[in-house]
Amino acid sequence: MYADRGPAGGFALLDGYRTSLTGLTSDEAAALFLAGSGATAGDLGLGPMLDAARLKLLAALPAEQRTMAGRVQQRVHVDAPGWFRDPEAPPHLDTVATAVWEQRQIRMSYQKWDGVSVSRLVSPLGLVLKGTAWYVVAVGRSRTNAYRVSRILSLELTDEHFTRPADFDLRRYWLEFSDRLQSTLYAGGSATVRLSPRAVSLWFLLGPVAGRALRESAVESGDGWVRVDVPIESLEHARIAFARFGPDLEVVSPPELRALMIADAAALVRLYSTS
């Protein structure tokens, strides 16, 4: 029994009664803030805490707001990862998350984008979920860098604690890192291409940078096609990326890329002529 019946028929809670729906724990509060960051609480071991925090928050709302919250929950569901791309589930994510929470250094063997493996002793400052990929932002010997968690080959959680820089802002760092990375990736210059209406409708396949180029530089040519200046990573990358559009895309410049596309088209004709 948790209540005492009064003489007039009312009830009063007994002294010392406590409900589990009041007072957020520190882990529950952390999980609640995580819910608005785009990250997956379950991947970081905070799924049960997030559920408990939501329940406590819902119980604390006035009846009208609680009804509205229930309507939103029943009518809106956010499923962030895109179609046909499975979310990464890196085997070392739990350990990296522990290192971030407890401010402990990690020693890892890491495979860089070019396949070379390196050893690093780093202080992890935060985790970022970019699309379906997890990254850990960490301080090394000389600078702060972002490492894709799925490329960590082996990992040791050390007993060495570190002091987190008081002025470090994870969101600001990631925005600056993304800008630097994009500038590096698209250092191959640009290409001018002509797109058929079909290619325009499928242009999203090349990602946000190409999409922005289409919005900002597209010029109609009068025959239903449009002319676009698009940044490219390299001639080889552009050659492969543009090939998926077949006869719905024509490379106008640079001449080196146009020559590659012509050579590929001729090779395809020879292949299918002899099959």
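The following exchange covers the overall make-up, one sheet and the nonpolar cores of a predicted model.

Residues are numbered from 1 along each chain as its sequence is written. In this predicted model local features need pLDDT of at least 70, side-chain atom pairs count only at pLDDT 80 or more, totals for chains, interfaces and linings use all residues, and side-chain values use heavy atoms, with hydrogens and water left out.

Trainee: How many helices and strands does the protein have?

Mentor: Helices (H or I, at least four residues) and strands (E, at least two) are DSSP runs, numbered from the N terminus. On that basis the protein has 9 helices and 11 strands.

Trainee: What percentage of the residues in the protein is buried?

Mentor: Buried means under 20% relative accessible area, with a 1.4 Å probe and protein chains only. Of the 275 residues in the protein, the buried ones make up 29%.

Trainee: In the open sheet of 4 strands, which strands stand at the edges?

Mentor: Two strands pair if DSSP finds at least two bridges between them. The order is β9-β10-β8-β11, with antiparallel pairing. One side of each edge strand is left without a neighbour in the sheet because each has a single partner strand; these are β9 (219-220) and β11 (249-253).

Trainee: Which residue in β11 is the bridge partner of Thr192?

Mentor: Strand β8 (residues 190-195) is joined to β10 (residues 226-231) by 6 bridges, and to β11 by 4. Towards β10, Thr192 stands opposite Asp229. In β11, the bridge partner of Thr192 is Ser253.

Trainee: Is β8 largely enclosed or left open by the rest of the structure?

Mentor: Of the 6 residues of β8, 5 are buried, so the strand is largely enclosed.

Trainee: Which helix lies across β8, β9 and β10?

Mentor: Axes are lines fitted to C-alpha atoms, for helices over the stretch in contact, and angles run from 0 to 180 degrees between N-to-C directions. The helix in question spans residues 208-217 and runs at about 135° to β10. This is α7.

Trainee: How many residues does the largest nonpolar core have?

Mentor: A nonpolar core is a set of buried Ala, Val, Leu, Ile, Met, Phe, Trp, Tyr and Cys residues joined through side-chain atoms within 4.5 Å. Val193, Trp203 and Phe242 are among those with the most contacts inside the largest one. Elements giving two or more residues to this core include β8, α7 and β10. The core has 21 residues.

Trainee: Which residues of α7 and β10 does Trp203 touch, for instance?

Mentor: Contact means heavy atoms within 4.5 Å. Not counting residues up to four places away in sequence, the residues that Trp203 touches include Ala210, Gly211, Leu214 and Val230.

Methods
Buried means under 20% relative accessible area, exposed over 50%, partly exposed in between (1.4 Å probe, protein chains only).
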